[in-house]
Amino acid sequence: MDEEHRIILGIIKGDSRAFSLLVDRYQKLVFHVAKKVLPEQADAEDVAQEVFIKIHKSIGTFKFQSKLSTWIASITYFTAINHQKKNKRDFTEGYTEDSLQMDDGQENPEELMEKKSAAQYLRQLTDQLPEKYRIVLTLFHLEEFSIEEIGETTGIPEGTIKNYLFRARRMLKDKITNHINRDYDER
Amino acid sequence: MKDKNFEIQEMLDQRLRTGTTVPQELTESEDINVYEFIYSELAKEPEDGLPMSFKANVVREFQAQNKRKSDWLFYWIVVGISLFGILSVILTITFFWEAFSPLWLLIDRFKGLIAIALVGILAFKLLENRSFLSSSRS
């Protein structure tokens, strides 16, 4: 029996050490997913707590048909989406597939670059992406999920996930290239 | 013909998963540096995270839920045993009604006293509750 099985059995039996191990192992994943849907720190923390309580209540229904991380990420994603709906806080609402132009925010990129590093500028651009783009980027790059696992987590078809990944990365590349070129021309 | 961006992304995805090297013709592209930068930044862990107390709070909630669950189980067992006891008494009385006739005679003789005792107990409990409520308010 592997460690994951042992942790799950421990939680079912009410062992708080097993639950503590599960929290240690998956709290980052839960927070990263929640934060991509809900940019507010307090909302993401609330959802993270709710997710672990849901995991405790429904761990007996986990049948090992998928990876535990995929199952947990899926619970987190849908809990965060429900939280967002309840609080009506979708920052990218009204976004359409045709409007593939990111808003740079109130400040122009030059001002931002003066103040912040390229990495921070990229993070700002990423935060302005639609929620579905942000979530697939996070699961693919940060959590190293495969396309299939992202599909299991979010319910988005695999072809659409590939499309979101490609478009999101291309948008980021175009924005950063434009910015670098403008910065270079000015100097 | 494949789009250059698509080719670079495909190649970098492969490198990410299987560790394959990027072909020479793609490394000459200006875009690859920007893409490599994007890929490395997206894989970095964000600075903000959960507070230190998060795990302790969640584990405490887990323990509280387990306690509530075991308390409920205990209450259900008590309810079950009580119901079984009451049912046994009722059935015993029903089937052996005649055997209890001296008891019925005794109850019949002192029914007034029993009624007064019951009313007295209820009145005492009522007064006790009222005095407890008024003392807790003041």
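**Note on the helix packing, domains and chain contact**

1. H7(A) and H8(A) lie oblique to each other. The model is a predicted one. The angle behind that label is about 135°, and the two axes are 10 Å apart. An angle over 145 degrees would count as roughly antiparallel, and 65 to 115 as roughly perpendicular, so this pair falls in neither class. H7(A) covers residues 131–142, and H8(A) covers residues 147–154. Their crossing is right-handed.

2. Which residues of H7(A) and H8(A) meet? From H7(A) come A:Ile135, A:Val136, A:Leu139 and A:Phe140. From H8(A) come A:Ile150, A:Thr153 and A:Thr154. By class, this contact has 5 nonpolar and 2 polar residues, with no charged ones.

3. Now the start of chain A. Helix H1(A) spans residues 3–13. The axes of H1(A) and H2(A) come within 7 Å and cross at roughly 130°. H1(A) and H2(A) are therefore oblique to each other as well. Here the crossing is left-handed.

4. In H1(A), the contact with H2(A) uses A:Ile7, A:Gly10 and A:Ile11. H2(A) answers with A:Arg17, A:Ala18, A:Phe19, A:Leu21 and A:Leu22. The split is 6 nonpolar, 1 polar and 1 charged. A:Arg17 is the charged residue, because Arg is counted in that class. A:Gly10 is the polar one, because Gly is counted there.

5. The overall make-up of chain A is helical, with 9 helices and 0 strands. Along the sequence the pattern reads α-α-α-α-α-α-α-α-α. Chain A has 187 residues, and 33% of them count as buried. Take the contacts in chain A with a separation of 6 or more: 66% of them join residues 24 or more positions apart.

6. How is chain A divided into domains? Domain 1 runs over 3–87 and domain 2 over 109–186. Their centres, taken over C-alpha atoms, are separated by 25 Å. Each domain of chain A gives 12 residues to the contact between them.

7. Look at the domain 1 side of that contact in chain A. H2 and helix H4 (68–87) each supply at least two residues to it. H2(A) gives the largest share, 5 residues. By class, this side has 6 nonpolar, 4 polar and 2 charged residues.

8. Next, the contact between the chains. It brings 27 residues of chain A against 25 residues of chain B. On the chain A side, the elements that give two or more residues are H2 (16–37), H3 (41–58), H6 (118–128), H7 and H9 (158–186). The residues on this side divide into 13 nonpolar, 9 polar and 5 charged.

9. H2(A) deserves a second look. H2(A) packs against H1(A), gives residues to the domain 1 side that touches domain 2 of chain A, and also gives residues to the side that touches chain B. H7(A) has two of these roles: H7(A) packs with H8(A) and gives residues to the side facing chain B.

10. Finally, chain B. The domain assignment gives domain 1 (4–42), domain 2 (60–95) and domain 3 (101–138). How far apart are the centres of domain 1 and domain 2 of chain B? The separation is 65 Å, taken over C-alpha atoms.

How values were computed:
Residues numbered from 1 in each chain as written. Chains lettered and ligands numbered in written order. Predicted model: local features only at pLDDT ≥ 70, side-chain atom pairs only at ≥ 80, totals over all residues. Axes fitted to C-alpha atoms, helices over the stretch in contact; angles between N-to-C directions. Helix = DSSP H or I, 4+ residues; strand = E, 2+ residues; numbered from the N terminus. Parallel < 35°, antiparallel > 145°, perpendicular 65-115°, else oblique. Left-handed = near helix turned anticlockwise from the far one by under 90°. Contact = placed C-beta atoms within 7 Å. Domains from an automatic or database assignment. Buried ≥ 20, exposed ≤ 12 C-beta atoms within 10 Å, placed from the backbone.
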